[in-house]
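Please work through the exercises below with the sequence and the structure at hand, trying each task before reading its solution.

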Amino acid sequence: MADMSFPLLTATAVLPALGAVATAAVPAARRTVAKWLAFAVSLGTLALALVVAMRFDPGGDRYQLTESRSWIADFGVRYELGVDGIGVAMIALTAVLIPFVIAAGWNDADPVEGEKTGRSWRPTQGFFALILMVEAMVIISFAATDVFLFYVFFEAMLIPMYFLIGGFGDRAHSRGEEEGAKQRSYAAVKFLLYNLAGGLVMLAAVVGLYVVTADQLGEGTFSLQQIAEARASGELTMGTNAERMLFLGFFIAFAIKAPLWPLHTWLPNAMGESTSPVAVLITAVVDKVGTFAMLRFCLGLFPEASAWATPAVIALALISIIYGALLAIGQRDIKRLVAYASISHFGFIVLGIFAMTSQGQGGATLYMVFHGISTAALMLVAGFLISRRGSRLIADYGGVQKTAPVLAGTFLVGGLATLSLPGLAPFISEFLVLVGTFSRYPVAGIVATAGIVLAAVYVLLLYQRTMTGPVEKPEIAKMPDLRPREIAVVAPLIAMLIFFGLFPKPLTEIVNPAVEHTMSDVRKTDPETAQSDAEAAK
Amino acid sequence: MSALNASPDGAVHNLWTHAAEAPSIEYLQLSPALIVLGAAVVAILVEAFAPRSARYYLQVGLSGLALACGFATTVGLAVGGYATDKAAVVGIGSLSVDGPALFLQGVILVVALVSVGTFAERRLEPVAHGARVDSFAAQPASVPGGEGEQAAIKAGWTTTEIFPLLLFAVGGMMLFPAANDLLTLFIALEVFSLPLYLLCALARRRRLLSQESAVKYFLLGAFSSAFLIFGIALVYGYAGSVQYPVIADVVDGTVQSPSPALAASMSNDVLLLVGMAMILMGLLFKVGAVPFHMWTPDVYQGAPTPVTGFMAAATKVAAFGALLRLLYVVLPGLSWDWRPVMWGVAILSMVVGAVVAITQTDVKRLLAYSSIAHAGFILAGVVAMNDRGISSVLFYLLAYSFVTVGAFAVVTLVRDAGGEATHLSKWAGLGRRSPLVAAVFAIFLLAFAGIPLTSGFVGKFAVFAAAAEGGAAPLVVVGVLSSAIAAFFYVKIIVLMFFSEPAPDGPTVAIPSVLTTGAIAIGVVVTLVLGIMPQYFLDLASTAGVFVR
């Protein structure tokens, strides 16, 4: 049921795509124009995303702002968009973060003096165009209610991401320029191959889904709603084995993207070698597509198989939480530390999703948003720090808070958000995930709690080693504090962390009805105690 | 011919015969191939009588015009309903004019038209003694490195014979997927193979490699032709006819009142199985499927790159068309026998092509192995044995051929002092020197890899969906796995182009004329349009996907 009004979701995705083309077309000498153009486009996209959030009625239909057009009729593929509360939250997160990513990476892609390149080599224009391209594709993925459409952009976004990781790295590398380029290209290839392999496994499952629907409905379809209706009416029944195979095909792809242990190894490389704005883009935006898709597609399309796989998935999530945290403690490289911390956090998100309770899934959705903001804050400040010293190694720092107090302070807030300090936004989501898990799987809840303790260890150790202590190195003594542009990037992020930490209601109101729908997809209700608690909370 | 065509109970052994009736030839339906072959004959005359200075322009103009007219008449026939309700067997039962035939003829003609551009390109090679030259030998008959060659180069000669050769090859390729009897199939095969063998030998640079590739191609090709003709003989012995519908009836056992001789031979399945296996071998050789792929890398590498591009695209289209018709029209009754074999061939092609490509260091050899893997993907659609199988293969061929022509056209641009720099190490850093060329090549590579929003993805999805529907789910799994392997080496080239430091003595990108630019541009546009808006072409392929029998 498509309304014929203005295609708002399409516009939200098309604007950054057009912006990307325009940015790429800016002449080589006009770098600044390209930067401002990209920034303006990202703000325009943010405005559209806010309109989406405002037009969305939490009490209304499950999918709103729907658009539906025929696309590839031969395969039953439709260009179908629509958002539920979770989708709105994720689109808003994406649109909010991209301007920060662009502002933080303002000078990251300026061409190096004296580099031997062709006349038309325009790295700066390319950098910002690629970021906008990723934004466009991510937004379409969050809005797609057609599995095929989702798949197309889920896969296609790998290409701009790949160029962002491989093409643009930190200027200084601890092991020299050449080694840096080698590491970077290794990281980019690893990223692409992992994700491409996952995507191809999913392609087999997408083909399988097509065959199942074509077989039973007479005509293949990828529409979530159509499949859900057909399943509800009993027209479409998947065999147990078929459903499990299809679930696995989808899940493996999403688990690589998310990333979940043991498919996570690309993330530390990718985040470590890319510039910090790109690292934020990876972990805070692109990876969220994986966890989002678990909620929307794994649970929505294959409820029985999801229930079947739950114990295994929860085990993997717990391993991710503990393993990621332990490895974060052991890291000597700031960016890799944040990467492993993210793996731990993705474990929490997956745990919340598969706890199959409304608190768990609501918490997981909030977690996606808040983790995005908190990691962005931490990672971008870390990037500012690294750019000053030219090293990613923790051991090269110490005593920064004496020479650059604002930098140290914002770094601390980002860190505290990462360890889920009460009062900051991530606390709420982590708490909800844990409560949701306890009510169904108490043991898992207890194990996950250990992740919080470990998070305190790695964050505080990081802060202690880099920021406190005497100033021993001359580079630190001369280190300038945050510049106005950098403060302008960090301050709003911290403000959001505090705001949502104290007042999460606007977000929960949008998300909760969507979670109820997902719960009904998997035909689960909250366990008795949790339900009464939830009612008591109301 | 007439003896073989006589009906099984006919008067072959009579001592007298009827006065010959003039056979009716459907000139209209046959016009595309007639135009192209006619132009080829005229082109030979041009070669003989026109002055050397005028030949190039005459030949390019004539070839372009003939191919364009051929394409126009093909489209006209399709629009006029000859692809659907007016589809018929013409030319005394030897050729069919139906959807798949017209569709594939159209693809071949456009590919050839684009290839005329790359053949005629004269801005890439350095000016030799005041004359602009193309990438073909100055005088093919002269000994490489000998005095004759020097003299020919000095005189600024060029080999304009390539154009008639191209036209003959195209004519043969157009008949190949339309052939409705085994002899026409064989003749068409030879008509397009012989010019290709020659064209392979005509490279201006690295002539020994080029001649070696031609000899290899010719010897192995002759070998496979021998298999094909032997297989045809055996099948004729079995069915008493070379015509597809007759053989199909005999295979199905639905023939009305067979003569005693036929009844005896019909029961001999050995003739049929061995004969068909040999015919399939001949076709799979042309397709470049494992284990009949040995010639592919050497020939792709040695042949002049414009020829490689044309051959890689158009031969595959023609050969798969013929294979489809044979399997879907003649042998559906035998599908229990050939499907397992084709499964094996498909799996082997996908896996071997993808795995061996990883170790390649020459871009043309790499594309050759990738073409083997693609042959495997297409075969996955072929074995589906359903409507979607035909239409998906047609679509895949359309998508694949334009990516291939475009990719090889890009290869012709990257040059150093020794001609084309095909060694992969020389491509390092190309993305920094010539971002546009590298980006275009990256698009082609992504299409080969089957990344969404390119034609390769839609094609891959189409054949996999067809295969899965046809009960070949394991093929889909193998296909997906080998796609993942294949992605590795496509990505490897992209890494090399964009993320590696350019070598100080690296190649430069030659600025081509509008001919090559046009070829590449058409390749890019088709790749993206088929990737983003494929519906029209999928419709076309599925309307066209009905064989006449």
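The exercises that follow concern a predicted model, and each solution goes step by step.

**Exercise 1.** Work out how strand S1 of chain A is joined to S2(A), and decide whether S2(A) is largely enclosed or not.

*Solution.* Begin with the pairing: strand S1 (residues 64–72) of chain A and S2(A) run antiparallel and are joined by 6 bridges, and within this pair Ser68(A) stands opposite Glu80(A). Next, look at the turn of the hairpin, where 4 residues lie between the strands and Gly76(A) takes a positive phi near 70°. Finally, consider burial: of the 7 residues of S2(A), residues 77–83, 6 are buried, so the strand is largely enclosed by the rest of the structure.

**Exercise 2.** Describe the contact of chain A with chain B, and find which element gives the largest share of the side of chain A.

*Solution.* Count the residues: chain A brings 36 to the contact and chain B brings 32. On the side of chain A, the elements that give two or more residues are S1, H5 (147–156), H6 (158–167) and H7 (177–217). The largest share, 18 residues, comes from H7(A). By kind, the residues on this side divide into 25 nonpolar, 7 polar and 4 charged.

**Exercise 3.** Decide whether Phe192(B) is buried or exposed, and explain why.

*Solution.* Locate the residue in helix H7 (residues 182–200) of chain B. Phe192(B) has 25 C-beta neighbours inside 10 Å, and because the cut-off for a buried residue is 20 or more, it counts as buried. Leaving aside neighbours within four places in sequence, its contacts are Ala169(B), Gly172(B), Met173(B), Phe176(B) and Ala318(B).

Methods
Residues are numbered from 1 along each chain as its sequence is written. Chains are lettered from A and ligands numbered from 1 in the order in which they are written. This is a predicted model: local features need pLDDT of at least 70, side-chain atom pairs count only at pLDDT 80 or more; totals for chains, interfaces and linings use all residues. A residue is buried if 20 or more other C-beta atoms lie within 10 Å of its own, exposed if 12 or fewer, and partly exposed in between; C-beta atoms are placed from the backbone. Two strands pair if DSSP finds at least two bridges between them. Two residues are in contact if their C-beta atoms, placed from the backbone, lie within 7 Å. Ala, Val, Leu, Ile, Met, Phe, Trp, Tyr, Cys and Pro count as nonpolar, Asp, Glu, Lys and Arg as charged, and the others, Gly among them, as polar.
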